[in-house]
Amino acid sequence: MTATVDAPTAELGKARLRKEDAKLITGQTNWTDNIKLTGMLHLAFLRSPYAHAKITRVDVSGALGQPGVIAAFSGADFAAEQGSLPCAWPVTPDIVIPPHPPMAVDEVRYVGEAVAVVVARDRYAAADALASIDVDYEPLPPVLDIRTALDPGSPKVHEAGNKSYEWVFANGDVDAAFSDAPVVLERTYRQQRLIPCAMEPRAVVAQWVGDEVTLWSATQIPHVLRFALSAFFGIPEQNVRVIAPDVGGGFGSKLQVTAEEVLAVLIGRKVGKPVKWTETRTEGNMTVHHGRDQWQRIKIAAEADGRIRGLSVDLLADMGAYLMLVTPGVPLLGAFMFPAIYKMDAYSFKCTGVFSTKMPTDAYRGAGRPEATFAIERIMDELAAELGIEPLELRERNWIKHEEFPYTTICGLTYDSGNYEAATAKARELFDYDGLRAEQRLRNERGDKVRLGIGISTFTEMCGLAPSRVLGSLSYGAGGWEHASIRMLPTGKVEVVTGSSAHGQGHETAWSQIVADQLGVPFEDIRVLHGDTQVSPKGMDTYGSRSLAVGGLALVSACDKVVAKAKIIAAAMLEASADDLEFSAGRFSVRGDPEASKTIQEVALATFAAHALPEGVEPSLDSDATYDPDNFSFPHGTHLCATEVDTETGFVHIRSYVAVDDVGVVVNPLIVEGQVHGGIAQGIAQALYEEGVYDEAGNLVTTTLADYLVPAAADLPSYRTERTSTPASNRLGVKGVGEAGTIASTPAVVNAIVDALRPLGVQDVTMPCTPERVWRAIQAAHGQPAHGQPAHGQPAHGQPAQGTEQSGGMA
């Protein structure tokens with residue numbers, strides 16, 4: 001099915017430069033760390049050097065005598081009021097959700113957990129005084145490998161044990177699908193731990209005035225944070241104001257109620273002064289929630305011609321030491337995406353959430369869906385190799401055809417629109433797929449030392465996190481709706497108030513374009529307000545590629561109400577019946593008499609004057625709307641990657657990369673391009689560069705950007721990006737785009753590497769595919785011991801430290 005969408009209008013589809021950028025590039029932004037308040041004090045946290053230990057003594061008295069220090073506290077000082085950080089997604093009735101104090105009192109469970117805090121006149125005095133705090137620990141054994149954490153003799157992270165939950169889903173006769181299948185393949189894939197690295201570190205400022213508190217935070221979720229401070233920490237909601245000023249990126253890492261936010265509020269109340277905390281990059285690597293960290297066992301059954309019969313997935317997911325806001329639900333978002341764009345008869349999924357003595361994991365760009373897409377796209381390549389079928393042809397034999405939409409998948413999701421054939425055909429042409437395959441055959445026949453590989457990722461995702469009823473059925477603790485308000489000012493200008501809270505997505509620009517078209521007012525006459533719960537009191541905030549598909553549709557509904565109100569007043573001004581008026585391009589006109597008309601700006605001024613309003617009509621055009629969609633949004637696309645792999649050094653060079661995405665109707669092509677480019681960069685980063693590594697004692701050894709390799713522009717290829725469009729079944733025809741590049745690109749790159757090396761016997765390379773790991777995979781395939789270093793001294797960024805869980809299969 002294809003949604004009905006109006007013909008392109010003045011603003012929708014226009015490549016507008018972003019309104020936000022002028023202040024961003026001229027240094028006029030208001031980051032949280034820029035905020036200075038009279039009498040403001042600064043916080044520094046002392047953090048545990050142990051992955052697991054009892055706290056036997058904390059003595060802060062030494063810090064109190066240091067220059068500039070005002071106060072110092074231990075976790076015991078807040079034990080009665082700090083409560084437990086919330087987990088909003090209890091995915092099963094018997095889930096184990098341990099208490100999670102913002103500051104440890106009796107026991108620490110990961111390196112970096114806060115045990116004490118210094119309050120001083122400046123951040124440097126506070127940091128220096130931490131050395132004067134004495135803490136005695138009684139070390140306990142760490143739990144680092146989730147594959148053995150459930151063994152009977154394993155040390156316990158919590159008294160209740162190391163298992164948090166087990167969640168299962170099945171549809172169809174899985175046993176029948178596998179029992180007599182001509183081909184059954186099973187693979188185990190590793191999703192390494194990733195560390196989000198937003199451009200702006202986390203920062204918090206808290207100020208109490210009487211019994212009211214204002215919290216400035218570099219957060220993605222000001223509305224959720226306000227609710228949490230009230231519901232979980234006993235502060236009346238009407239007394240809490242949360243402001244997310246300019247926020248420099250998040251990628252899920254700021255979708256959180258953090259210990260530092262809660263403690264800043266509590267400490268500010270205790271000392272009676274405004275307080276500020278800004279993390280260092282090392283603190284961030286240790287204590288921003290991490291992403292991914294799964295072991296994936298996936299099994300596929302197929303006919304001899306490649307038709308998929310069944311799929312079975314068994315995950316082990318590392319929760320870390322505690323369950324944070326949506327920690328347990330993140331792997332389950334992927335549960336519905338393992339079948340991807342493919343038809344099959346049966347599917348089963350099981351996820352076991354396991355505690356470890358590491359920083360908790362939570363949402364990171366894509367949140368469960370990149371993990372699922374990686375596994376299914378990798379095993380599709382393995383199935384193609386097993387059957388001797390060309391990988392793109394195998395996918396086409398199994399994917400949902402465009403004429404079959406809307407299509408209900410084996411998971412029960414209804415994909416409303418899509419055309420995988422069109423996206424793949426365009427990508428294939430741009431990539432010169434056939435030419436590259438021919439070149440690959442020639443190079444393999446010659447036995448070239450540098451091998452060419454071609455990687456494929458044909459993906460879809462569910463995004464626009466909603467609707468509320470579905471989230472409720474999954475035990476999620478909140479809804480998926482979004483709120484918007486339109487304020488028509490007397491001069492005809494417009495203020496848009498949105499519950500979506502931007503942190504780099506370009507909402508102020510895209511929202512202005514949507515409203516300009518809906519109301520027929522100039523783009524320049526619209527101002528978008530967001531991120532302040534006193535200005536925008538209702539909202540569910542920004543994550544899961546939901547802003548446009550949910551928040552954008554709330555804008556449309558609010559504009560409808562403005563037009564409906566204005567139509568009644570315009571009719572009175574024109575001495576006509578409202579039923580005889582038409583509204584187009586910002587003007588009300590009498591049907592059959594276009595000369596008799598009034599602009600919406602004229603109506604706004606007349607409403608303000610209120611001199612001749614119809615009886616019973618209030619003098620306001622302002623309107624609110626709350627939108628809760630009926631379904632998710634399902635963008636899709638085809639990404640193709642060509643890599644050249646040096647078999648002597650293991651070095652991987654991405655020679656070309658083509659991405660063709662279908663994100664429905666595009667509001668602003670420049671913003672879409674930026675989202676896709678950034679997403680691909682993060683997906684390539686997981687494939688080749690990034691990994692959060694702990695040593696055998698539970699110390700994070702990738703605490704700086706010298707150790708945790710975030711690629712720079714020079715490390716990434718130029719992309720060729722294009723789009724196809726099958727409009728979604730919503731009023732605007734839009735789909736999400738923010739996570740598409742990240743979801744699609746990782747398997748495309750790894751499939752290309754394995755494709756290059758498959759003639760040498762390599763079937764997998766564990767991410768990140770560093771030169772050393774690639775080289776060692778080649779040596780192992782040749783039956784040679786992989787001692788020493790790769791030829792030519794190639795670097796081995798991201799190689800796991802000895803004793804960690806990065807090698808081997810899932811138990």
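Tutor: Helices (H or I, at least four residues) and strands (E, at least two) are DSSP runs, and both are numbered from the N terminus. One caution before we use them: this is a predicted model, where local features need pLDDT of at least 70 and side-chain atom pairs count only at pLDDT 80 or more, while totals for chains, interfaces and linings use all residues. Residues are numbered from 1 along each chain as its sequence is written, and side-chain values use heavy atoms, with hydrogens and water left out.

Student: Thanks! Where does P467 sit in those terms, and what is the peptide bond from A466 to P467 like?

Tutor: In general, most residues other than glycine have a negative phi, and most peptide bonds are trans. Here, P467 is in the loop between β18 (450-460) and α13 (468-473), and the bond leading to P467 from A466 is cis, with omega near 0°. M767 and P768 are also joined by a cis peptide bond, with omega about -10°. The loop that holds P768 runs between α18 (740-757) and α19 (771-781).

Student: And what is the phi of R292?

Tutor: R292 is not a glycine, yet its phi is positive, about 65°. You will find R292 in strand β13 (residues 291-302).

Student: How should I read a sheet, and what is the order of the open sheet of three strands?

Tutor: Two strands pair if DSSP finds at least two bridges between them. In this case the order is β4-β2-β6, with antiparallel pairing. β4 (107-108) and β6 (134-139) are the edge strands, each pairing on one side only. Strand β2 (residues 53-59) is joined to β6 by six bridges, and I55 stands opposite Y137 in β6.

Student: Let's move to domains. Which residues belong to each?

Tutor: Domain bounds come from an automatic or database domain assignment. For this protein, that assignment gives domain 1 (21-28 + 481-627), domain 2 (32-140 + 201-247 + 254-287) and domain 3 (291-465 + 631-793). Over C-alpha atoms, the centres of domain 2 and domain 3 are 37 Å apart. Their contact (heavy atoms within 4.5 Å) takes 29 residues from domain 2 and 27 residues from domain 3.

Student: How much area do domain 2 and domain 3 bury between them?

Tutor: Buried area is the accessible area (1.4 Å probe) that two parts lose on being put together, summed over both. For domain 2 and domain 3 that is about 2400 Å², with 71% of it on carbon and sulfur atoms. On the side of domain 2 that touches domain 3, helix α7 (residues 281-287) gives the most, with five residues.

Student: How many salt bridges link domain 2 and domain 3?

Tutor: Side chains of opposite charge can pair when their charged atoms come close. A salt bridge is counted when a side-chain nitrogen of Lys or Arg is within 4 Å of a carboxyl oxygen of Asp or Glu. Between domain 2 and domain 3 the count is zero, whereas the structure holds 60 salt bridges.

Student: Could you show me one, starting from R16?

Tutor: Happily! R16 forms a salt bridge with E524, and the closest N and O atoms are 3.3 Å apart. R16 lies in the segment before α1 (21-25) and E524 in the loop between α14 (507-519) and β21 (526-529), so the pair ties together parts that are 508 residues apart in sequence.
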